[in-house]
Amino acid sequence: MEDKYMTADEAVKLVKSGDNVFVQGSSSIPEALIAALARRGGELRDVVLYNAFALGRRVSPLCDPALKDSFLIDSFFVSNAVRGWVNQGYATTTPRFFGQVPQLFREGSIPLDVAFINCSLPDEDGYVSFGVSSDLTPSAVECAKIIVAQINPLMPFTYGDSVIHMSRLDAMVRVDDPLAETPDMEPTEKELKIGRYIAEQIPDGAVLQIGIGAIPNAVLHSLRSHRHLGLHTEAMTDGMVPLIEEGIVDNSCKQLEPGRSVASLAIGTRRLYDFIDHNRSIVFRDIAWVNDPFIIARNHNMAAINSCLEIDLSGQVCADSIGTRIYSGVGGQQDFVYGSSRSVGGQSFIAMLSTTSKGENKIKPVLTPGAGVVTTRFQTNWVVTEYGAVNLRGKNMLDRARLLISIAAPQFREELDREAFRMLGYAYRRWK
């Protein structure tokens, strides 16, 4: 295998003008390869780079006006490393449910020429692991003509769909590159209130999908008195570690992968990455499997907990854009909302603070013009703010408006009530 080792600058010479290149995500962007590719920018034209959910330690070096004709970044989930580049009009995004992206690769809708990945050190049998990113990586390495891997001692070795034999790699680059980290911030009192409202609705034995961020962390903080919880989640985070260590999450009630936590990616701090390293109680699966609503539904008492940017009085949820400005992506929210609705005893929660950091209302009569609908009004179940939790399941448009107004920030409720009457008419006042 030694003949496959080379420098990053040598490895990126495998990329040709016009190629489609996959770039691994989560907290494991192959930074050395991306930097080397940027240095080749003057030699290349029309290279398209596909990525998904990814935490960058810095803005991508490909986000350079001098490289605008060399590289087009096409992201399935716009993250911090490329967000500004997308909204300046130099890059783009492809709308797609996260769990359905692998299908684009496998059916050839997006043919891949090269895959850039970030792997662990090999085990005694010559297998390396994708570590924290088994989301799109299995399908990408399955479909790409050329696989270029960073071999990184700081990447944890995880099990499941996240392993590949070194013989399948076309080029390898030795790096010693820390993974991106996001701190496990202490929730505020408002966020903890949201966490407690949600925890009250979750029974012992439930199987959890919990997103990333302060409010999901608050939910995890509020589950410390629960028992026999399970994990079937898109992302493994720091907040899950103490629940597993203390036996609160033991996966004993799951119908799928009983006894093991299931995830597709991990994002957090070094504590999390060390915890999952060679941990056979955690299995990392292809996002096409983890996020399949019909797979999700096979676990009983599925509880899907996600956040959003705004919601309207009919229950339409926007989680990917601020007006026309793309902020993130759809991720797995819709997959888990739908999957939990089909689960025996399943339920889903959309959680958010009632106002933005600027004090603007996030419960609106109608969504901001240009805002994308991620979860439709037909699927929204629980909605939770620091002012309470309301269940829209089976509720008509009149009741939905009243319930959502009841958990809006108090200073906006009168205005929302007037707008609801204007939109819904006589029945809104009469039928209660």
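What volume does the largest cavity have? About 180 Å³. Keep in mind that this is a predicted model, and let's start the walk from that enclosed space.

Searching the whole structure for cavities of 30 Å³ or more turns up two. In the largest cavity, 20 residues make up the lining, and those closest to the centre are V23, I29, N51, S60 and V82. If you want to see which secondary structure elements frame the space, look at helix α2 (31-39) and strand β2 (47-51), as each of them supplies at least two lining residues. Strand β2 gives the most, with three residues. By class, the lining of the largest cavity splits into twelve nonpolar, six polar and two charged residues.

The second largest cavity comes in at about 50 Å³. Its lining includes S27, S28, I29, E31, L55 and R57. Further along the chain, N118, N152, D177, P178, L179 and A180 also belong to the lining of the second largest cavity. I29 is worth a click here: I29 is among the residues closest to the centre of the largest cavity, and I29 also turns up in the lining of the second largest one. The class split for the second largest cavity is five nonpolar, four polar and three charged residues.

Now for a space that is open. The second largest pocket has a volume of about 170 Å³. There are 13 residues lining this pocket, and P95, R96, D320, G329 and V330 are the closest to its centre. Seven of the lining residues of the second largest pocket are nonpolar, four are polar and two are charged.

On to the charges. Side chains of opposite charge can pair when their charged atoms come close. How many salt bridges does a search of the whole structure find? The count is 20, and a few of them are worth a stop.

Take R106 and D286, whose side chains meet in a salt bridge with an N to O distance of 2.7 Å. R106 sits in helix α4 (residues 101-106), while D286 is in the loop between β16 (282-284) and α10 (287-290), so this pair ties together parts of the chain that are 180 residues apart in sequence. Are the two partners buried or exposed? R106 is partly exposed, because its relative accessible area is 36%. D286, in contrast, has a relative accessibility of 7% and therefore counts as buried, the cut-off for buried being under 20%.

The surroundings of D286 are easy to list. Leaving out residues up to four places away in sequence, D286 touches P102, R106, S134, D135, P138, S139, D161 and S264. The D286 side chain also makes a polar contact with the side chain of R106, at 2.7 Å. One of the neighbours of D286, D161, has charge pairing of its own: D161, E257, R260 and R285 are linked in a network of salt bridges.

Two other pairs have their own settings. R196 forms a salt bridge with E189, with 2.7 Å between the closest N and O atoms. R196 has a relative accessibility of 38%, so R196 counts as partly exposed. E189 also counts as partly exposed, because its relative accessibility is 48%.

The other pair is R418 and E414, with side chains that meet in a salt bridge at 3.3 Å, N to O. Both residues lie in helix α14 (residues 410-424), four residues apart, which is about one turn of the helix. R418 is partly exposed at 47% relative accessibility. E414, with a relative accessible area of 60%, is exposed, since the cut-off for exposed is over 50%.

The last stop is helix α7 (residues 214-221). This helix is mostly covered, with six of its eight residues buried. Which residues of α7 are buried? They are I215, P216, N217, A218, V219 and L220. What do these residues pack against? Their partners are the helices α6 (189-199) and α8 (240-245), along with the strands β11 (207-210), β17 (302-307) and β22 (347-351).

Key: Residues numbered from 1 in each chain as written. Predicted model: local features only at pLDDT ≥ 70, side-chain atom pairs only at ≥ 80, totals over all residues. Heavy atoms only, no water. Salt bridge = Lys/Arg side-chain N within 4 Å of Asp/Glu carboxyl O. Buried < 20%, exposed > 50% of the residue type's maximum accessible area, 1.4 Å probe, protein only. 1 Å grid on protein atoms, 1.4 Å probe; cavity = no way out; pocket = protein on both sides within 12 Å on 5 of 7 lines; lining within 4 Å. Points joined across faces, edges and corners; volume = space filled by probe spheres on them. Nonpolar A, V, L, I, M, F, W, Y, C, P; charged D, E, K, R; others polar. Polar contact = N/O pair within 3.5 Å; in protein donor to acceptor, adjacent residues only side chain to side chain. Contact = heavy atoms within 4.5 Å.
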